Amino acid sequence: MKYFLKYSFLFICIFCFLTAGKSQQNKKTKAKIAASKKAGTSKKKKTVKSSKGKKKAKKSNAKKNNRVVRKKNTATFNIETADLSKLLQSNNITAPKLDTVPEKEVSIISAFKPQLKNIAKLNFTKATNKTDTSTTVLNYQVPTQNLSFQYRPISLIPRSYKEKETSFPVNTTNLKVGFGNYNNQFFEASYNAIDVNNHSHAFDASFETSNGMQYLQQFNHKNFAYIGNIKLNDNHSLQTEAFFQNTQRYRFGLVPDNSSLSLSAYSQAFTNFGTSIKWVNENSKNKLLNILFNPILKFENFKGLTNTNNLWVEMFNPMSFKLKGTGKINLDFNYNYNKYTYTNYANQTNSIFTVQPSIELNKWNSSIKVGVKPSFTTNEFALFPLVQFSKKLNDTNYLLVANWQTILTNNNYASLSMINPWIAAPNSLKITTQEKKALDLFINASKSLQYSFGLSLNDYRNIPFFNRINNVKPQLSGLQFQPIFEYRAITLEFISSMRYQISDQFLLKGIAKYIQFNSIKENTNAWGILPLNLNGDLSWYPSKKWSIDGSIQYWSGASFQNEAENAYDLKNTLVLNTSFNYQLNTHLKAWAKAENLLDKKYQRWAEYPSLGVQLIAGIVYSFHK
């Protein structure tokens, strides 16, 4: 009996132990199944979340980064602030009995998802691309060998960079020679120097001569010039110039080749010398005003035919006061004195003194300039209006400029001889007044292309014309033209220009002018004035060694009178010119030039035919220290 009880008690203990082990194993199996189900649920949620649209993503971003999820009989709650009992009641969940409540399991799923924000767009659909129309002002010191006073082999295009400054003077010398047909000879020597004080000096001397096919068709020109720039300080400098020019021609118009008279009977010799000084004031400021002024003083003396002499002096000072803001006050004044001594040693003097006060406002993408121009001339006083308005049209690259101004010109012998080299000594010199009302349109199509159109109505007083002199026999002295000052003429003028440039390798420029005389008071025609004049220039730099230039000119014939004093017009003219330069080595450069490639003897002035095709070539030798 005792053993039976012992074995029974042992059997009951083993049974209880096995039952408890099996129950614990079942619980572990259930926990694994629950964990696997939860993992599948979280993956499913992530898949669904990634496949939803942008609206779902925005809503999910509005929620916080952490969430608490409870499966089956659990609810989602915030583990920091939530009350379990209140949460169960709010969700109508019955609290299970304690013996049936499984182990609490909490899964935390991150709700953060990286997302790019939408780009803010401000009126992009209506905005237009703006072309850069700003202009950078660059100062260039141009060497004299590139500034030809008489002969211009190439066109100079400044490069927008600054050379490295050196601590020692730079001296450069150029010798240029050339020979061509019609016994054309050319020689030029130039010297440039920049001293230790950064002052620049340039000297130039040139000589050119040629002989044509006709008797007396000879020409020679001498030129000496100096250009200097003396820096006083960082903001002030003096720009100086001095020159001497002598030109010898012979009046071959209507003179037969078998003439027995001496050359002195046909001589057309002019001598001109002068100087100029300009004070450059780059930046002068005080507390209230920004004062800018650049006074200029010029002096010239011209010796013409039959011992005539013309002395010309000019003082000009453009001055402006830049106020704070957008306002500016201009106060320009000009004084011009002209003394002319002709054959009988009688003197004639003409003088002009003008003051031009004006107010300029820059506002609303436009500029308005209003002022007056009182002028004191030799014989009278006059008050002229000054009005200028410029406006940049909205959403375009168009600049519209309208102005009303009066231009006074003190004519001298030198300026008239530059227009017509075959003029006789003037009987008198007068002041030309031009009242101009103009409207111009400037178009900046791109950084490479700019062009403009302009129309003006002009009222001239004492405008110079040039007509032939018929009261002498041209066989004895050659044909000459007399300056005629028309009392009053009203014209309609049209001008157009174009500029196309690709970097610094290609440049094309063109300008067209047309003038129509609607009213002439005294003369029947505008003698010697070209109605239509077209000019075009081309500069091309294929490589560092090559430079090619070309030009084209077309004009309609001017009106003149023949020996019977009947008016006629010259033929229209087309002229083509070209030139090139080639750098052989560091010191040598070859150059050549061709004029009148069409080989047509045109006439700019009546009875003075030009030469045929003209060719000249040579070399330039450069050396420096």
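A salt bridge here is a side-chain nitrogen of Lys or Arg within 4 Å of a carboxyl oxygen of Asp or Glu. The views below show close-ups of a predicted model.

**View 1. R488 and D459 form a salt bridge between two strands.**
The closest N and O atoms of R488 and D459 are 2.8 Å apart. R488 belongs to strand β20 (residues 481–502) and D459 to strand β19 (residues 449–468), so this pair ties together parts that are 29 residues apart in sequence. R488 is partly exposed, with a relative accessibility of 31%. D459 has a relative accessibility of 14% and counts as buried.

**View 2. D459, R461 and R488 make up a network of salt bridges.**
D459 also forms a salt bridge with R461. In that pair the closest N and O atoms lie 4.0 Å apart. R461 is partly exposed at 31% relative accessibility, while D459 is buried at 14%. The count for the structure is four salt bridges, and those of D459 with R461 and with R488 are among them.

**View 3. T433 contacts residues that include D459 and R461.**
T433 is part of strand β18 (residues 431–444). Its relative accessible area is 18%, so T433 is buried; the cut-off for buried is under 20%. With neighbours within four places in sequence left aside, the contacts of T433 are F384, T406, I407, L408, D459, Y460 and R461. Two of these residues, D459 and R461, also belong to the salt-bridge network with R488.

**View 4. K593 and E595 form a salt bridge.**
The closest N and O atoms of K593 and E595 are 2.8 Å apart. K593 is buried, with a relative accessible area of 16%. E595 has a relative accessible area of 25% and is partly exposed.

**View 5. F203 and Y226 form a tilted aromatic pair.**
The structure has a count of 26 aromatic pairs. In the pair of F203 and Y226, the ring centres are 4.9 Å apart and the planes stand at 40°, so the pair is tilted. F203 lies in strand β5 (residues 200–211) and Y226 in strand β6 (residues 218–231), so the two rings tie together parts that are 23 residues apart in sequence. F203 is partly exposed, with a relative accessible area of 42%, whereas Y226 is buried at 19% relative accessibility.

**View 6. Y621 and F623 form a tilted aromatic pair.**
The ring centres of Y621 and F623 lie 5.5 Å apart. Their planes are at 40°, so the pair is tilted. Y621 counts as partly exposed at 36% relative accessibility. F623 is also partly exposed, at 33% relative accessibility.

**View 7. Seven named rings are linked into an aromatic cluster: F252, W422, F466, F481, F560, W605 and Y608.**
Ring pairs make the links between the members of this cluster. Two of the members lie within strands shown in View 1: F466 falls in the range of strand β19 (residues 449–468) and F481 in that of strand β20 (residues 481–502).

**View 8. The largest cavity is lined by residues from I469 to Q480.**
The structure holds two cavities of 30 Å³ or more. The largest cavity contains about 40 Å³ of space. Its lining consists of I469, V472, K473, P474, S477, G478, L479 and Q480. Four of these lining residues are nonpolar, three are polar and one is charged. The charged residue is K473, because Lys counts as charged.

**View 9. The second largest cavity is lined by M213, Q214, Q217, K601, P609, S610 and L611.**
The space in the second largest cavity is about 40 Å³. Its lining divides into three nonpolar residues, three polar residues and one charged residue. The nonpolar residues are M213, P609 and L611, because Met, Pro and Leu count as nonpolar.

**View 10. The whole chain gives the setting for the close-ups.**
The chain has five helices and 28 strands. Of its 625 residues, 34% are buried. Among contacts between residues at least 6 apart in sequence, 57% join residues at least 24 apart.

Terms used
Residues numbered from 1 in each chain as written. Predicted model: local features only at pLDDT ≥ 70, side-chain atom pairs only at ≥ 80, totals over all residues. Heavy atoms only, no water. 1 Å grid on protein atoms, 1.4 Å probe; cavity = no way out; pocket = protein on both sides within 12 Å on 5 of 7 lines; lining within 4 Å. Points joined across faces, edges and corners; volume = space filled by probe spheres on them. Buried < 20%, exposed > 50% of the residue type's maximum accessible area, 1.4 Å probe, protein only. Helix = DSSP H or I, 4+ residues; strand = E, 2+ residues; numbered from the N terminus. Contact = heavy atoms within 4.5 Å. Phe/Tyr/Trp six-rings, centres within 6.5 Å; stacked < 30°, edge-to-face > 60°.
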